[in-house]
Amino acid sequence: MGNPLFLLFASEQKEGIAVLGIDPKAILLQAGTFIILFLIIKKFALKGIVDTLEKRRETIDKGVELGIEMEAEKAKFDESLQKMQQSARVEAEKIIAEAHQEAGEIIKAGEDSATQKVDGMLKDATARIEREMQTARNELQAEMLSLVSEATEAIIEEKLDKTKDASLIQRALAKVRA
Amino acid sequence: MSKQSNKTVARAVVAELQAGRSIKRVSKSLASYLIEERRMNDVGAIIRDVEKQMLVLDKTLYVHVTTAHELSAAMKKEIGALFADKSDAKHVHIEETINPDVIGGVRCETAEHRLDLTVRRQLQRLKGSAA
């Protein structure tokens, strides 16, 4: 569907520049229509559009500034984070080193304690074995002496006659006298 | 009547003996007294007290000798001489007891001393040395 003004002049004869399909009147009409439309838009909508665009621009500018600030903040944050990480790493290494040292000391103390305990147990065991050996030696010696005594008694009773007994008594008395 | 001590009884016995009474009579009196007083268990201690007092008052020493075999007279004399040398006694009386359990050697006992040179004692000492 065409412009009504254009249809109004469509039936007229074309001459001059109109032969090329260009109609100055139509152009003028279109220009006038455009100007009217422009004025209407300017009066009612352009300001709002401009304001909107301005607001949008400001918003974009603010966003960009905010982005730049955020970028700077991020850089600062990254730097701070890096420092904190470094500090935390140093602190962690220190803690780990201390923990290693403490663990080493605890292990050493445990080993010392265990060594002392083992030494004590060995000492006790050695003493007990020594006592038991001594007891066994004493019992063996007593048993042996008892056997010797009984054997000696049997032999002497058999072999000690009156003469030998008198000689024995004389020797014993001589010892006493000496 | 309170019970007389062993020493008092021994002193009475010694006084009787020194008064010239026979040993047999004094022994009977002592036995009667101990039976009456039910003190027969004290007889050994009283005899030792008598011997102690006899040594002090009369310089007489009683030596009880125990052997496995009978002692010869020379041996008794030698024992008497040994005890006379070791004490103040002028007279030594040997009382001999034969006991085969001592195996050999001699055991001499006075009221205050004991000299055990028997084989039995030596063997006991040998056994005891391990303890």
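Is B:Arg38 buried or exposed? In this predicted model, B:Arg38 is exposed, with a relative accessible area of 77%. The residue belongs to the loop that links α2 (23-36) to α3 of chain B, and its phi is near 55°, a positive value in a residue other than glycine. A positive phi also turns up at B:Ile103, at about 70°, although this residue is not a glycine either. B:Ile103 sits in the loop between β2 and β3 of chain B. With a relative accessible area of 4%, B:Ile103 is buried.

The strands on either side of that second loop take part in an open, four-stranded sheet of chain B, ordered β2-β1-β3-β4 and mixed in its pairing. The edges are held by β2 (91-98) and β4 (114-116) of chain B; each has a single partner strand, so one side of each is left without a neighbour in the sheet. On average, neighbouring strands are turned by 15° against each other, direction ignored. For β3 (residues 106-109) and β4 of chain B, the pairing is antiparallel and spans three bridges; here B:Glu109 stands opposite B:Arg114 of β4(B).

Turning to the helical side of the picture, α3 (residues 43-58) of chain B lies across β1 (60-67) and β2 of chain B, and runs at about 135° to β1(B). One residue of this helix is B:Gln53. Its relative accessibility is 15%, and B:Gln53 therefore counts as buried. Leaving aside residues up to four places away in sequence, B:Gln53 touches B:Lys7, B:Ala10, B:Arg11, B:Val14 and B:Asp58.

Notes. Residues are numbered from 1 along each chain as its sequence is written. Chains are lettered from A and ligands numbered from 1 in the order in which they are written. This is a predicted model: local features need pLDDT of at least 70, side-chain atom pairs count only at pLDDT 80 or more; totals for chains, interfaces and linings use all residues. Side-chain values use heavy atoms; hydrogens and water are left out. Two strands pair if DSSP finds at least two bridges between them. Helices (H or I, at least four residues) and strands (E, at least two) are DSSP runs, numbered from the N terminus. Axes are lines fitted to C-alpha atoms, for helices over the stretch in contact, and angles run from 0 to 180 degrees between N-to-C directions. Contact means heavy atoms within 4.5 Å. Buried means under 20% relative accessible area, exposed over 50%, partly exposed in between (1.4 Å probe, protein chains only).
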